[in-house]
Amino acid sequence: MALEPIYHIKPEYTQLFINNEYVNSQSGKTFPTINPVTEEIICQVQEGGKQDIDLAVAAAKLSMKRKSAWRTLPAAARGKLMHNLSDLVERNINYVASLDCLDNGKPFKEVIGDIQFGLAVLRFYAGMTDKIEGRTMACNGTNKFSYTIYEPIGVVGAITPWNYPIMFALFKLSHALAAGCSVVLKPAEQTPLSAIYLGTLIKETGFPPGVVNIVPGYGPTAGAALSHHMDVNKITFTGSTEVGHLIQMASGQTNLKRVNLELGGKCPVIVCKSADLDKAAALAQEACFVNMGQACCALTRTFVHEDVYEDFVKKSRDLAIKAKSTCGDPFEEKTHYGPQIDKVQFDKILDYIQQGVKEGAKLECGGKSMFPKGYFIEPTVFSNVQDHMKIAQDEIFGPVQTIFKFSELDEAIDRANNTEYGLVSGVFTNDVNEAIHVSHALEAGQVWVNSYMAVDPLTPFGGYKKSGIGREFGTDGLLGFLEEKTVIYGNINM
């Protein structure tokens, strides 16, 4: 099938999806979702609130009841449902990608990549459903026998961000469904359309009612209700560290529900003097500007050895100026960068750029809005950035590359680690000893060597420090959605 955008796409579904049916919100309220390219309203979406979350959680809880269709479904059959869902998403990939292109402003070809990776994760976990294995163990004393089994943790509340709408929805569903859990999914209010559309594919696939519920709404209402709900056993959240604190607090104030948090980052990359400078400059900038800089794992702090610093800055400036010509309509093939998500983010980024200039960093290029309409910001490069500056410390979440100079490798490592975040990091070097030394010294959940966005369904992903709790992907990610039970038999006549 040809991968082609659907121009002038009209969203088919704008309601809540509860118990395998599309329904209006209990309050009857709606909220607008905005096209960041035109700043115009795409459509009105039903606004889920506490009452709707209660209904969705009740449906999910009922589907998890002992002897229910979902609980008694064989593991391999659960995996087959997941495989079938992935096939249906792939069948409708142009429509789903066009929804995110419209709702998020991300270039169509980039959304296709998001969906393909989301499907790789979904299919990986579909293959894991019948490979959840316990252990047998010896016990001290005689006539005893013990083993462990894994059981689904229960009802999962999944809260997804606006920067990768469909991809994160697929991520969250993959982990929970593979473990045999039921889900209440709350997509970000800025980009709800692709997640809402998943409901019709869930139903077509044949998932029992209540297994997947989708409730669009605002964080302080729907998100808070989900986080505080006494019948939710786990929250899996990707988003800001600020909201991560609130979710952790909600767990402590209620039923001590498990939490998985993938939060913010101020991710460093170290460019050693042995690095291939052309490759390092291109990949380091792409790792910073990826998704218009709206990525928690964007490599936004670039530390460059003093011997190659000026050359690296020049290459980065030239690349950013060239990148400006690839900003524009996300439905067009030539477009590589789209707009920021909304006016709030747009203004925040421009304010950070102004602060960077005021604090003495050198603005090499960019730094301005691009078009009369739309939330477009020029690819921006700062040099001579100092560690104390706001642009060096805060997560900007925009297309702003900050380049620092260092003289000694251990100095660069210490400065890179001097942050409250620790999601990902990177190093460019042609010296394997440098690569190993830096990789082991950096305080981050992942270290990318001579690469960027090297995320894989098989490898654990998550952060140190304020960048999160827990891991996604691989077997580690699945275990977070399971409870381990130990069964001990005593007084056995052998």
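**Pockets, cavities and helix contacts**

Me: Which helices each supply at least two residues of the lining of the second largest pocket?
Reply: Helix 4 (108-126) and helix 5 (165-179) each do so. Helices are DSSP runs of H or I with at least four residues, strands are runs of E with at least two, and both are numbered from the N terminus. The model is a predicted one, where local features need pLDDT of at least 70 and side-chain atom pairs pLDDT 80 or more, while totals for chains, interfaces and linings use all residues. Residues are numbered from 1 along each chain as its sequence is written, and side-chain values use heavy atoms, without hydrogens and water.

Me: How much space lies in that second largest pocket?
Reply: The second largest pocket holds about 470 Å³. On a 1 Å grid over the protein atoms alone, a pocket is an open set of points where a 1.4 Å probe fits, with protein on both sides within 12 Å along at least five of seven lines; lining residues have an atom within 4 Å of a point. The volume is the space filled by probe spheres set on the points, which are joined across faces, edges and corners.

Me: Which of its lining residues are closest to the centre?
Reply: Of the 27 residues that line the second largest pocket, D114, F117, Y164, M167 and M453 are closest to its centre. Helix 4 gives the largest share of this lining, with five residues.

Me: How do the residues of that lining divide by class?
Reply: The lining of the second largest pocket has 16 nonpolar, four polar and seven charged residues. Ala, Val, Leu, Ile, Met, Phe, Trp, Tyr, Cys and Pro count as nonpolar, Asp, Glu, Lys and Arg as charged, and the others, including Gly, as polar.

Me: How do helix 4 and helix 5 cross?
Reply: The axes of helix 4 and helix 5 come within 8 Å and cross at roughly 5 degrees. The two helices are therefore roughly parallel (an angle under 35 degrees). Axes are lines fitted to C-alpha atoms over the stretch in contact, with angles from 0 to 180 degrees between N-to-C directions.

Me: Which residues make the contact?
Reply: Helix 4 contributes V111, D114, I115, F117, G118, L119, V121, L122 and Y125, and helix 5 contributes I166, M167, L170, F171, S174, H175 and A178. Contact means heavy atoms within 4.5 Å. By class, these are twelve nonpolar, three polar and one charged.

Me: Turning to the largest pocket, how much space lies there?
Reply: The largest pocket holds about 1000 Å³. It is lined by 39 residues, of which W162, F237, G239, S240 and V243 are the closest to its centre.

Me: Which elements each supply at least two residues of that lining?
Reply: Helix 7 (219-228), strand 10 (234-238), helix 8 (241-253) and helix 11 (343-358) each do so. Helix 8 provides the largest share, eight residues. The lining of the largest pocket comprises 18 nonpolar, 14 polar and seven charged residues.

Me: Back to helices: at what angle do helix 13 and helix 14 cross?
Reply: Their axes cross at roughly 30 degrees and come within 10 Å, helix 14 being residues 432-441. Helix 13 and helix 14 are therefore roughly parallel to each other. L409, D410, I413 and N417 of helix 13 make the contact with E434, H437, V438 and A441 of helix 14. This contact has four nonpolar, two polar and two charged residues.

How values were computed:
Angles under 35 degrees count as roughly parallel, over 145 as roughly antiparallel, 65 to 115 as roughly perpendicular and the rest as oblique.
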